[in-house]
Amino acid sequence: MTQRHEQLTGTTVGAMRKSLLPDGVNISKEARSAISRAASVFVLYATSCANNFAMKGKRKTLNASDVLSAMEEMEFQRFVTPLKEALEAYRREQKGKKEASEQKKKDKDKKTDSEEQDKSRDEDNDEDEDRLEEEEPNEEEEVDN
Amino acid sequence: MSNYPLNTATSVSQASATLTCSKAKLLAKVAPLAVFPVLEHGITILWLHISLELFVQYLATYSYRHGNGKERKALTYSDLSNTAEESETFQFLAALYF
């Protein structure tokens, strides 16, 4: 269980020590463990809060507004703005990926269509050539006669 | 409320980079996701990850600034337990530390 808590926060604590706490500040082993356990409690509390909002709206699916409402309920209003920005960025990213994938599909379909057209044109040409070859011997016969 | 610097530059791509598959699975185990099995386009796990990072940053910086550890240039267990006891925002952690 301890390992699981620490896995949740290991990277964050290390990065934070460099960027947010003053230079040279150490985080004791007990403090790291305490932060990790706090993180687990936070996750349980936050998801439970968000779920309450979803249930109030008679939904089984959590959505972004449930999340933001939970943060306000838990008195973490300071998290609302960065979360909103992150959610907007996520949606833009997903939209971009979707458009890129649709464009790729269109290009692929276009390529397949033009290949098929080339193929049928080649087949028509082959048929014409065959027809010409069949007609020639008759002309020769006429000349001979 | 005082201003505590939060790493608000946590962009989606940065958060996604640190949100590895194993961490996402771990979050899913810790959070009662059985209660709400359907995720809205994977936003929920990403949200949990980002809000968790923000929470850890806030808890640590608040505890350091309000605690006694800064005299020794260290964030200690007692700094965190003082925070849980004295701050209304972090009161939900009180049972964890006492």
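In the predicted model, Arg121(A) is partly exposed, its relative accessible area being 47%. The side chain of Arg121(A) is engaged in a salt bridge with Asp118(A), and the closest N and O atoms of this pair lie 3.2 Å apart. Asp118(A) likewise counts as partly exposed, at 36% relative accessibility. Both residues belong to helix α4 of chain A, and because they are three residues apart, about one helical turn separates them.

A second ion pair links Asp66(A) and Arg59(A), whose side chains meet in a salt bridge with an N to O distance of 2.7 Å. Here the two partners fall into separate accessibility classes. Asp66(A) has a relative accessible area of 2% and is therefore buried, the cut-off for this class being under 20%. Arg59(A), at 30% relative accessibility, is partly exposed, since this value lies between the 20% and 50% limits. Over all chains, the count of salt bridges comes to two.

Acidic side chains also form a negative surface patch, made up of Asp122(A), Glu123(A), Asp124(A), Asp126(A), Glu127(A), Glu129(A), Asp130(A) and Glu133(A). One of these residues, Asp122(A), is located in helix α4, which covers residues 80-144 of chain A. Asp122(A) is partly exposed, with a relative accessible area of 47%. This value satisfies the accessibility criterion for patch membership, because patches are made of residues with over 30% relative accessible area and no salt bridge.

With respect to the overall fold, the secondary structure of chain A consists of four helices and one strand. These elements follow the pattern α-β-α-α-α when read along the sequence. Of the 145 residues in chain A, 30% count as buried, and Asp66(A) is itself a buried residue.

The geometry of helix α2 was examined through its end-to-end span. This helix comprises 28 residues (residues 29-56) of chain A, so at 1.5 Å a residue a span of 40 Å is expected. The C-alpha atoms at its ends are 41 Å apart, in agreement with that expectation. Just after α2(A), Lys58(A) adopts a positive phi of about 55 degrees.

Technical notes. Residues are numbered from 1 along each chain as its sequence is written. Chains are lettered from A and ligands numbered from 1 in the order in which they are written. This is a predicted model: local features need pLDDT of at least 70, side-chain atom pairs count only at pLDDT 80 or more; totals for chains, interfaces and linings use all residues. Side-chain values use heavy atoms; hydrogens and water are left out. Helices (H or I, at least four residues) and strands (E, at least two) are DSSP runs, numbered from the N terminus. The expected span of a helix is 1.5 Å times one less than its number of residues. Patches are made of residues with over 30% relative accessible area and no salt bridge: like charges are joined within 9 Å, nonpolar side chains (Val, Leu, Ile, Met, Phe, Trp, Tyr) within 5 Å. Accessible areas come from the Shrake-Rupley method with a 1.4 Å probe; for residues, only the protein chains shown count as cover. A salt bridge is a side-chain nitrogen of Lys or Arg within 4 Å of a carboxyl oxygen of Asp or Glu. Lys and Arg count as positive and Asp and Glu as negative; His and the chain ends are not counted. The place of a charge is taken as NZ of Lys, CZ of Arg, CG of Asp or CD of Glu. Buried means under 20% relative accessible area, exposed over 50%, partly exposed in between (1.4 Å probe, protein chains only).
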